[in-house]
Amino acid sequence: MDAPRRVTAVLGPTNTGKTHHAIERMLAHRTGVIGLPLRLLAREVYDRIVARVGPSVVALVTGEERIVPERTQYWVCTVEAMPLEIGADFVAVDEIQLCADADRGHVFTDRLLRARGLNETLFLGSDTMRGAIAALVPHVTFVKRGRFSTLAYTGSKKISRMPPRSAIVGFSVENVYAIAELIRRQKGGCAVVMGALSPRTRNAQVALYQNGDVDFLVATDAIGMGLNLDIKHAAFSATSKFDGRRMRALFPQELAQIAGRAGRHTEDGTFGVTGEARPFDEDLVEAIETHRFAPVKKLHWRNESMDFGTADRLIRSLEAPTSNDWLTRARDADDVLALKALAALPDVQDRLTEPKRVQLLWDVCRIPDFRSSSGAEHTTLLTRIFEFLVGRGLGGGRIPADWLAAAISRIDKTEGDIDTLSRRLAHIRTWTYVTQRKNWVEDETHWRDETRAVEDRLSDALHAALTQRFVDRRTSVLLRRLKQKEVLVAEVNDKGEVTVEGEFAGRLEGFRFRQDASATEDAARTLAQAAIQALRPEFHLRADRFYNAPDTELDFTEQGGLMWGSSAVGKLVKGAEPAKPQVEAFVDDEAGSEVIDKVRRRLQHFIDRKVAAQFEPLLAMGRDEALTGLARGFAFRLSEAMGVLPREAVASEVKELDQEARAALRKHGVRFGQFTIFLPLLLKPAATRLRLVLWSLWNGLQEFPESPPPGLVTIPNVAEVPKQHYTLAGYHPAGTRAIRIDMLERLADILRQKDSRAGFEATPDMLSITGMTLDQFADLMAGLGYKGEKAERPKAKAVEAPKAPEISAEAAAAIAAGQPIPEEVSILARPAEPEPEAEAAAPEIEVFYTFTWTPKPRFQRPERSARPERKPQAEGEARPQGDRPQADRPQRDRPQGDRPQGDRPKGDRPKPDRPKGDRPKDGQRPDRKGDYKGGKPQQRDDRQKSFEARPPRPEKPIDPDNPFAVLLALKSKV
């Protein structure tokens with residue numbers, strides 16, 4: 001007599017070790033079969049058993065995957081794929097409470113009623129199944145297992161305040177993606193687990209969470225079915241879901257199944273709600289915490305004795321009712337709906353000639369609709385597959401290889417977004433299922449491997465897309481290393497890019513770390529913490545390199561910044577004196593006081609040396625103890641102005657300087673110009689740039705004036721720019737342009753040689769010095785106090801040089817032959833006859849300007865009566881001074897302004913040309929300033945006039961013996 005078969009129901013809540021117990025019991029037998037509710041869970045259990053006994057004796061059979069070694073002892077399957085006819089010693093069915101599920105319950109009920117091991121059978125599930133199992137399974141033994149840890153409700157929490165190692169549960173793909181995106185922005189990233197994922201993608205996502213790369217998991221209710229994860233808190237984002245037909249609220253036992261994922265083994269867990277989910281009421285919380293739920297009263301059932309005589313008989317058998325009070329006929333599942341649709345097609349009906357074809361049709365209808373397509377689309381695919389399989393014989397056909405290859409090739413593309421890759425994975429799962437069926441395709445091994453390879457490629461691409469979208473990989477790596485208290489390795493490349501453990505963290509600009517702005521707020525703190533910790537040694541190394549760097553690697557900007565190469569390392573700040581600025585170093589506080597002090601000292605050395613080099617003439621003049629009195633005071637004024645002083649601002653002081661004081665200042669390079677007093681060396685571009693920065697710094701400007709580009713003789717004169725800025729930049733505003741100070745003084749030297757009262761024209765030298773056109777030069781001269789009168793005249797033609805006479809042809813021939821030239825032959829060629837003159841062309845007109853000095857009056861002279869005539873001045877009598885104002889009019893035909901005589905040492909400039917011819921005789925000196933009649937000078941005209949300052953002397957008698965005297969008398973008469 002056979003030994004009785006032991007049937008045990010191990011019941012209890014989650015985290016009671018039921019699945020582990022079943023694995024141990026199966027491995028205690030020679031053979032065994034375990035059925036699991038999910039393909040993902042089946043893969044997890046398969047991997048655990050393979051790790052224990054090796055892959056050669058363990059089979060994995062699911063709808064889309066079939067790994068069956070030749071010496072298989074242990075079968076790990078989904079419940080639908082369990083082989084019931086092999087006679088295994090041990091049989092186990094996990095999550096047996098799914099007998100009450102409306103969609104798949106009939107499959108679990110069938111296993112409860114018919115699946116038995118030869119020696120032992122285990123049913124694992126919730127304690128709510130105790131009554132149903134006791135009623136339907138005779139001689140069953142119940143084992144109740146308690147939870148290893150406690151489960152507590154914590155209420156509602158925002159996602160931003162979700163604790164680490166939390167799982168947030170959603171019940172739609174859109175909801176899962178939205179939560180995952182929010183967590184990525186706020187927490188750095190999360191893993192995503194859904195039932196639609198392939199095992200390869202799911203395992204890769206779970207590894208992200210289990211390894212600590214991310215601290216959050218977003219999942220569907222798939223995690224409720226036995227997935228053992230390190231979860232401390234489970235949060236529900238919703239409490240209702242779409243079950244395929246309608247939206248419904250989750251049952252308390254379903255909520256408990258998911259909440260029970262929190263707190264694995266002996267570690268306590270918590271659960272709650274988040275987002276828009278309403279908080280649980282007290283009764284529901286108590287039920288979940290104490291694991292007390294209403295018992296299952298009805299199990300979904302479908303007749304397992306199918307009649308394959310005809311399609312109609314098959315449908316009637318599937319719809320057969322039950323008389324058992326514990327059972328209720330299941331609603332039509334997808335396979336029954338597909339059978340009814342195909343059986344109604346005339347083409348299919350014509351092919352259902354034998355029971356084997358009806359059974360084949362039923363097998364085709366059981367192909368799951370992984371794509372979730374419309375009913376018509378899925379029906380069309382099933383019809384085509386059935387037609388291929390029927391073929392010419394009795395179900396002996398095969399799916400054509402070329403048709404299958406084309407269908408697979410359309411799917412085998414790894415580019416696209418998450419939704420696109422998910423749809424392709426759903427499509428390939430259909431073909432994976434088809435190729436797993438026996439005798440449906442030629443070369444089954446090839447097509448199974450091919451579909452598996454495509455699924456793996458798509459799975460990897462989907463995992464990469466999920467990780468890229470929902471995980472800040474950089475932050476997750478740094479978080480894991482910081483938690484493990486490992487030493488982080490930072491690298492800085494030539495571009496200043498900082499990588500910590502190979503992840504881009506930001507840029508090191510000088511001695512300041514600029515964090516990557518793309519990081520989230522929470523991730524930014526982690527990133528900064530990791531980067532600063534890893535950069536501390538780099539700060540010291542960089543400070544040493546900076547301290548020993550030559551001055552050529554350092555520079556200052558026109559706004560007072562201090563640069564090391566292209567990196568800002570500090571700025572200038574106001575010091576005790578204009579030429580003694582201080583520095584402020586740009587160094588992160590995390591670098592330490594030693595690094596900050598070293599950088600500051602190096603910057604101070606640099607700017608001190610820069611000022612000493614560029615302002616050396618000015619500093620040397622300040623140190624010269626030989627300068628005393630007025631000369632020393634004037635040197636101080638020039639130092640305050642940093643080497644450039646407008647002459648009009650110090651006119652009185654210049655007048656007070658004697659020649660000895662001026663000579664002492666000239667030894668230091670000071671030039672007393674007509675418009676500006678300056679040191680030429682301090683007009684160089686580098687010194688000018690430094691002068692503008694130091695002056696702006698001393699005067700507290702927010703925005704510093706920039707120095708003009710080097711080499712420009714003139715620049716635009718902008719009205720909004722203060723005149724002092726132009727002076728500091730080395731320019732003098734005049735008209736619409738400002739001219740460089742040294743070039744202006746060269747121009748003034750030329751102008752002093754011209755007759756500014758009679759008028760003069762611009763020479764090429766003047767235009768060359770200024771680099772201007774004639775019109776621009778006229779505007780410049782107007783700004784300098786000259787009046788330019790524009791006129792036109794015919795342009796003078798250049799005189800052609802006379803042509804050299806040409807030798808006649810006969811003479812040239814005789815010379816070439818070496819013979820004497822005959823006397824009758826003319827040596828010179830006859831001149832060419834002039835061509836008849838054409839009509840005289842219009843003369844070319846040129847424009848010219850006549851410039852005269854027109855000083856602006858400094859004051860208005862009060863009206864007064866006519867001045868009485870002066871007595872004739874005796875010969876040799878001193879001429880009275882001060883009769884007329886000397887200011888604001890040219891002396892020796894040049895503008896003088898406030899400049900005293902003798903500003904320039906003798907020989908500094910060429911003597912002006914004197915008009916020759918009408919030299920005054922007998923020492924007479926005509927007054928060039930004109931006669932004063934009625935107290936006002938008379939206007940000049942173009943006729944030659946004589947000007948006398950005193951009555952004419954009596955004429956001396958002409959010496960008749962002096963021929964020159966006679967000629968002079970005749971000339972005066974003429």
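This passage walks through the overall make-up of a predicted model and then some of its helices, a strand residue and a few backbone oddities.

Taken as a whole, the protein has 30 helices and 36 strands. It runs to 974 residues, of which 44% count as buried. Contacts reach well along the chain: of those with a separation of 6 or more, 67% link residues 24 or more positions apart.

Near the start of the numbering, helix α1 (residues 18-27) is a good place to begin. Its buried residues are Lys 18, Thr 19, Ala 22, Ile 23, Met 26 and Leu 27. Looking down the axis of α1, these buried residues sit within an arc of 165°, so they line one face of the helix. That set packs against a mix of strands and a helix, namely β1, β2 (32-36), α2, β5 (74-78), β6 (90-93) and β7 (120-125).

The helix in that list, α2 (residues 39-53), packs with α1 at an angle of about 40°, and the two axes lie 12 Å apart. This angle makes α1 oblique to α2, and the crossing of the pair is right-handed. On the α1 side, the contact is built from Thr 19, His 20, Ile 23, Glu 24, Met 26 and Leu 27, while α2 brings in Val 45, Arg 48, Ile 49, Arg 52 and Val 53. Some α1 residues thus turn up in both lists: Thr 19, Ile 23, Met 26 and Leu 27 are buried and also take part in the contact with α2.

The loop leading from β1 (6-11) to α1 holds Asn 15. Most residues other than glycine have a negative phi. Asn 15 goes the other way, with a positive phi of about 60° although it is not a glycine. With a relative accessibility of 6%, Asn 15 counts as buried. His 139, in the loop between α4 (130-136) and β8 (140-144), also has a positive phi of about 60° without being a glycine. His 139, however, is exposed, at a relative accessible area of 75%.

Further along, helix α14 (residues 401-411) has two helical partners to look at. Such pairs come down to two numbers, the angle between the axes and the distance between them. With helix α15 (residues 418-436), α14 packs at about 155°, the axes being 9 Å apart. Angles over 145 degrees count as roughly antiparallel, and α14 and α15 are therefore roughly antiparallel to each other. The crossing of α14 past α15 is left-handed. Here Trp 403, Leu 404, Ala 407, Ile 408 and Ile 411 of α14 meet Arg 424, His 427, Ile 428, Trp 431 and Thr 435 of α15.

With helix α16 (residues 444-470), α14 packs at an angle of about 10°, and the axes are 11 Å apart. The two are therefore roughly parallel to each other. From α14, the residues involved are Ala 401, Leu 404, Ala 405, Ile 408 and Ile 411, which meet Trp 447, Thr 451, Val 454 and Leu 458 in α16. Leu 404, Ile 408 and Ile 411 do double duty, as they meet residues of α15 and residues of α16.

Turning to a strand, Ala 585 is found in β26 (residues 580-585). At 19% relative accessibility, Ala 585 counts as buried, given that the cut-off is under 20%. Leaving aside residues up to four places away in sequence, Ala 585 touches Val 569, Gly 570, Ile 596, Val 599, Arg 600 and Leu 603. The C-alpha atoms of Ala 585 and Leu 562 are separated by 8.6 Å, with the two residues 23 apart along the chain.

Finally, helix α21 (residues 629-640) consists of 12 residues, and its first and last C-alpha atoms are 17 Å apart, close to the expected 16 Å. Ala 631, Phe 634, Ala 635 and Leu 638 are its buried residues. Down the axis of α21 they fall within an arc of 105°, so they line one face of the helix. On the other side, Gly 629 and Phe 636 are exposed. The cover over the buried residues of α21 includes the helices α20 (616-623), α22 (651-656) and α23 (659-666), together with the strands β27 (644-646), β28 (671-672) and β29 (676-678). Just after α21 comes Met 642, with a positive phi of about 60°.

How values were computed
Residues numbered from 1 in each chain as written. Predicted model: local features only at pLDDT ≥ 70, side-chain atom pairs only at ≥ 80, totals over all residues. Heavy atoms only, no water. Helix = DSSP H or I, 4+ residues; strand = E, 2+ residues; numbered from the N terminus. Expected span 1.5 Å × (residues − 1). Buried < 20%, exposed > 50% of the residue type's maximum accessible area, 1.4 Å probe, protein only. Arc of directions from axis to C-beta. Contact = heavy atoms within 4.5 Å. Axes fitted to C-alpha atoms, helices over the stretch in contact; angles between N-to-C directions. Parallel < 35°, antiparallel > 145°, perpendicular 65-115°, else oblique. Left-handed = near helix turned anticlockwise from the far one by under 90°.
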